[in-house]
Amino acid sequence: AVWGELKTHPLAAGRRPPASTMMFFSICKGRQPREEVEQVEQVETRSMLLDSALAQASRAMKESNPPTWPASVHVIEPDGKFVGDKQELFDNIFSDGGKYSVHPWGAEFPNTDRYGGYFNEAGRDFCTKRTVVLLKLGVHRAKFNVGFYNSLMGLGRDPGAVEIDAFEVLNGVGADGVQHSLCPGALDNFWRSVENVTTAQGRSIYYFVSQASPLRKVHIRGELRLSGPVGGGIYDWGYASGGFAADSKVDGGVEFGGQQQFITRNSEVLAGCVYKHGAWSNVLVGSKGEYQHEQNQLARVTEVPCTERIAEKPYIMFEEAENKYFLMVPQPEHNKKGVSWERYADDSATHKIDFENVYVADAETATAATINAKIAEGKAIVLTPGVYKISEPIIVSRSGTVILGLGMATVMPAQEAQWMDSLIFVKDNLQDIRIAAVLLEAGSRGSDALLKWGTRKGCIGENPGFLYDIFC
């Protein structure tokens, strides 16, 4: 009976004979005819070879952790471990070796409000260079100027694990390369981001931006100013055209200034501090704190008490003791008010993915075919900074897939690509998909859509997933 079972045993499916069968073989070898003993030995040999092949395949399927980061990723050690001048490094990253410059208001501008200035990033808005700065756990006594296609990210479980003196975005310049009037102010300050850091106690943060420049999961231990003076301080606020902040805490209140519109979701200001000003429209969703209405102000505010359903954006965490990176995927929440990250010490609040199960793509070498194969294997995908020129769509084919871009990672059709239905396509009936922080560009080839989720109405299921920071 055992021998008959053996002949139909599904070794091809990768299963060894049960232990009882192998014991039967060893007992009977001495009494079996030589032909049957040879057959048994061949089965055992094939089984051992199959086990070895499966073990090798399993090892091949694992990605390295820590990963090999490309040059577009700067991993920065905290003070005490960092070697060199950190401020000089940060300034060089912003200036790209001297191409771009920062001009804070100083003694040469006597009519000054003691803060502000301008960035000269002329010509950078359509460059192809992408950069992310990843701050390891600890204190970083330096200020990071956040330029076009730059992202600043802490690697802690929550913002409190990484402290930086300050991050900053100042007003832009006119065609003459100088900032001296209301326009452009911050109207052209796009495509940059900051997340998962805490700033120095009492330090105000100047983040003069207009769209595609999200703040997420930051703790600012001073005031957040979203619009600032121009013309050497002659005008209180330059033009600014909207922005977004989420899952953040601001101890000193939020000054919208001349922002035309701004949305703040699930954020908090300390008691006694307020959200104030703004040019036209402010929206507060699931946020804690009071909006201060000024007499005769033109700006309107829309306040929604809670966020009906949200899962915060996935992020990267580094664990020093293990020298390993993890992709953290916050779980969905309902009727949320205030920040989530204060609850992240509870492991049930996030799903933790070892980078052994994360494919870290490099724009210089990765293809859509490779990314699709990794998704089919069940891997999460991290798109490191760069421009991914693809010849076929990136296809999300499995439930639970996470795609996380860093440093404004950009996906566009390759010059030789055939017309595509979409650059990223999510198949029907998948659940719990997360796609975050990707800039999608049609390019000269174009496509029918940039991102397409499903093929028909009603095909996305009860928990389809979330999109974050998708810029087109």
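**Entry 1: Asp-96 and helix α4**

I started at Asp-96 and, leaving aside its neighbours within four places in sequence, found it in contact with Arg-124 and Lys-129. I note here that I am working from a predicted model. Asp-96 is found in the loop between α4 (86-95) and β2 (101-104). I looked up its exposure: the relative accessible area is 19%, and the cut-off for buried is under 20%, so Asp-96 counts as buried. Its backbone was the next item: just after α4, Asp-96 takes a positive phi of about 50 degrees.

I then went back along α4 itself. Its buried residues are Lys-86, Phe-90, Ile-93, Phe-94 and Ser-95. At the N-terminal end of α4 I found a cap from Asp-85, with a side-chain oxygen 3.1 Å from the backbone nitrogen of Gln-87.

**Entry 2: the open sheet**

I traced the open sheet next. I read nine strands with parallel pairing, in the order β1-β4-β6-β8-β11-β14-β17-β20-β22. Which strands are at the edges? They are β1 (73-76) and β22 (300-304), and each of them pairs on one side only.

I picked one pairing to follow residue by residue. Strand β6 (residues 150-154) and strand β8 (residues 192-195) run parallel and are joined by four bridges. Across this pairing I found Met-153 opposite Glu-195 in β8.

**Entry 3: aromatic pairs**

I looked up the ring pairs, and the structure holds 17 aromatic pairs. I took Phe-126 and Trp-191 as one to describe: their ring centres are 5.9 Å apart and their planes are at 65 degrees, so I logged the pair as edge-to-face. Phe-126 lies in the loop between β3 (117-120) and β4 (131-135), and Trp-191 lies in the loop between β7 (162-168) and β8, so this pair ties together parts that are 65 residues apart in sequence.

Are the two partners buried or exposed? Phe-126 is exposed, at a relative accessible area of 69%. Trp-191 is buried, at 18%. I also noted the backbone of Trp-191, where phi is near 50 degrees, a positive value in a residue other than glycine.

I followed the ring pairs outward from there. They link Phe-126, Phe-148, Tyr-149, Phe-190 and Trp-191 into a cluster. Tyr-149 of this cluster also has a charge over its ring: the charged end of Arg-130 sits there, 3.8 Å from the ring centre. I found another such arrangement at Tyr-315, where the charged end of Lys-217 sits over the ring, 3.6 Å from its centre.

**Entry 4: strands β24, β25 and β27**

Tyr-315 led me to strand β24 (residues 315-319), which pairs with β25 in the antiparallel sense over five bridges. I read off one bridge between them: Met-317 has Phe-326 in β25 as its partner. I logged β24 and β25 as a hairpin with four residues between them.

I stopped at Asn-323 in the turn. Asn-323 has a positive phi of about 50 degrees although it is not a glycine. I looked up its exposure as well: Asn-323 is partly exposed, with a relative accessible area of 39%.

I then turned to the other pairing of β25. With strand β27 (residues 350-354), β25 again pairs in the antiparallel sense, over five bridges. Here Phe-326 stands opposite Asp-354 in β27. Phe-326 therefore goes down twice in my notes, once with Met-317 and once with Asp-354.

How many residues of β25 are buried? I found six of the seven in strand β25 (residues 324-330), so this strand is largely enclosed by the rest of the structure.

**Entry 5: cis peptide bonds**

I checked the backbone for cis peptide bonds and wrote down two sites. One joins Asn-65 and Pro-66, with omega about 10 degrees. Pro-66 is found in the loop between α3 (34-61) and β1, and β1 is one of the edge strands from Entry 2.

The other joins Cys-183 and Pro-184, and omega is about 10 degrees there too. Pro-184 is found in the loop between β7 and β8. I had already been in that loop, since Trp-191 lies between β7 and β8.

For context, I added that most residues other than glycine have a negative phi, and that most peptide bonds are trans. That is why I kept separate notes on the positive phi values and the cis bonds.

How values were computed: Residues are numbered from 1 along each chain as its sequence is written. This is a predicted model: local features need pLDDT of at least 70, side-chain atom pairs count only at pLDDT 80 or more; totals for chains, interfaces and linings use all residues. Side-chain values use heavy atoms; hydrogens and water are left out. Two strands pair if DSSP finds at least two bridges between them. Rings of Phe, Tyr and Trp (its six-membered ring) pair if their centres lie within 6.5 Å; planes under 30 degrees apart count as stacked, over 60 as edge-to-face and the rest as tilted. Buried means under 20% relative accessible area, exposed over 50%, partly exposed in between (1.4 Å probe, protein chains only). A charge sits over a ring if NZ of Lys or CZ of Arg is within 6 Å of the ring centre and within 35 degrees of the ring normal. Contact means heavy atoms within 4.5 Å. A polar contact is a pair of N or O atoms within 3.5 Å; within protein, one must be able to donate a hydrogen and the other to accept it, and residues adjacent in sequence count only if both atoms are side-chain atoms.
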